[in-house]
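Here are my notes on the model you sent, point by point. They deal with ring pairs, a few buried side chains and one surface patch.

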Amino acid sequence: MPTTGSQRVRRSTPVWLWALPPVAVLAVVFLYPLALVVQESLAPGAYADVFSSVAFREALLTTVWLAVAATAGCLVLGFVLALVIAFVPFPGGKAVSKFIDVFLSFPSFLITLALLFLYGTVGMANGVWTDVTGAPTGPFQFLTTPWGVLLAEITYFTPFVMRPLLAAFSQMETAQLEAASSLGARPPRIVRQVILPEALPALAAGGSLVLVMCLNEFGIVLFTGAKGVTTLPMLVYGKAILESDYAAACVVAVVNVVISVGLYGLYRVVSRRAGA
């Protein structure tokens, strides 16, 4: 078969030349701004000033404990809900499973606004309480505290754990469950000895992803109005926008990026082993 002109052009064009356009776009859109942030963070004494500040240490601690606590809550709640959806037949089970896929596309501030309508200072729960008791204010004031942020993060990120779990459960052989049940094993033992070992890779993958996302969450903390809760993303916002201290903001941003990239690398390793 004779070689066409277009085929000759493709063969004569170096392979690396085709990589130039995407690399150029990546450099302009991502690498150049990131390089500017790193360059700004290298201002004399910037790292020493930030690392020695109480605000940074408290923000780092708050970020870590919120991310770890939210991840633990998502793992427990996500595992229980995924078990019910996958193994307990009920009307609308498939619709609930499909809704989880849709829920993943929701912005985080939307869930926070919903919680504000329910448990905010002038939300529905406090409104019902004041109407019934005649009290001037309602008892639900936790949403502007760290516990409110934690509730919002668990509510929003739990489906990110459920999705890989449901995929793992769909591939499980029901013969194992039927054999364990026929041998007299009760549901808690079946979950502990049969289902949980199969779900561990999916739990690790989903938990790693949620941990990374919680570390970088900004919208939930901002929309809850939790003034006493300062995470690393909130500290970047405060330093850059409110204080115009761009060097300090860039230092905090670089630290956040390093932590996130490290955890993302861990997530990729776990996901690869889990087959996700």
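1. Ring pairs join Tyr47, Phe51 and Phe56 into a cluster. The model is a predicted one, and the comments below should be read as comments on a prediction. Over the whole structure, the search returns 13 aromatic pairs.

2. One of the aromatic pairs is Phe79 with Phe169, in an edge-to-face arrangement: the centres are 6.3 Å apart and the planes are at 65°. Angles over 60 degrees between planes count as edge-to-face, so the 65° of this pair puts it in that class. The pair connects distant parts of the chain, with Phe79 in helix H4 (residues 54-87), Phe169 in helix H8 (residues 146-170), and the two positions 90 residues apart. Phe79 has a relative accessible area of 13% and is buried; Phe169 is buried as well, at 5%.

3. Phe157 and Phe160 make a tilted pair, at 5.9 Å centre to centre and 50° between the planes. Why are these two residues about one helical turn apart? Phe157 and Phe160 are three residues apart in helix H8, so about one helical turn separates them. Phe157 is buried at 1% relative accessible area. Phe160 also counts as buried, at 13%.

4. Ser41 is placed in helix H2. Is Ser41 buried or exposed? With a relative accessible area of 0%, Ser41 is buried. The Ser41 side chain comes to 2.6 Å from the backbone oxygen of Val38. A second polar contact, of 3.0 Å, is between the side chains of Ser41 and Tyr47. Tyr47 is also a member of the ring cluster with Phe51 and Phe56, which ties this point to the opening one.

5. Leaving aside residues up to four places away in sequence, Ser41 touches Ala46, Tyr47, Ala247, Cys250, Val251 and Val254. Tyr47 therefore appears in the contact list of Ser41 and as its side-chain polar partner.

6. Thr112 sits in helix H6 (residues 108-119). Its relative accessibility is 1%, so Thr112 counts as buried, the limit being under 20%. Which residues does Thr112 touch, not counting those up to four places away in sequence? They are Ala152, Ile220, Phe223 and Thr224.

7. On the surface, Val25, Leu26, Val28, Val29, Phe30, Leu31, Leu34, Val38, Leu42, Val257 and Val261 make a nonpolar patch of about 970 Å². Helix H2 (15-41) and helix H13 (246-274) are the elements that give two or more residues to the patch. H2 contributes the most, with eight residues. Val38, whose backbone oxygen is reached by the side chain of Ser41, is one of the patch residues.

8. Leu26, another residue of the nonpolar patch, is found in helix H2. At 45% relative accessibility Leu26 counts as partly exposed. Ser41, in the same helix H2, is buried at 0%.

9. In helix H12 (residues 232-242), the buried residues are Leu232, Pro233, Met234, Leu235, Gly238, Lys239 and Ala240. Lys239 is thus listed among the buried residues of H12. Just after H12, Ser244 has a positive phi of about 55°.

Definitions and conventions. Residues are numbered from 1 along each chain as its sequence is written. This is a predicted model: local features need pLDDT of at least 70, side-chain atom pairs count only at pLDDT 80 or more; totals for chains, interfaces and linings use all residues. Side-chain values use heavy atoms; hydrogens and water are left out. Buried means under 20% relative accessible area, exposed over 50%, partly exposed in between (1.4 Å probe, protein chains only). Helices (H or I, at least four residues) and strands (E, at least two) are DSSP runs, numbered from the N terminus. Rings of Phe, Tyr and Trp (its six-membered ring) pair if their centres lie within 6.5 Å; planes under 30 degrees apart count as stacked, over 60 as edge-to-face and the rest as tilted. Contact means heavy atoms within 4.5 Å. Patches are made of residues with over 30% relative accessible area and no salt bridge: like charges are joined within 9 Å, nonpolar side chains (Val, Leu, Ile, Met, Phe, Trp, Tyr) within 5 Å. Accessible areas come from the Shrake-Rupley method with a 1.4 Å probe; for residues, only the protein chains shown count as cover. A salt bridge is a side-chain nitrogen of Lys or Arg within 4 Å of a carboxyl oxygen of Asp or Glu. A polar contact is a pair of N or O atoms within 3.5 Å; within protein, one must be able to donate a hydrogen and the other to accept it, and residues adjacent in sequence count only if both atoms are side-chain atoms.
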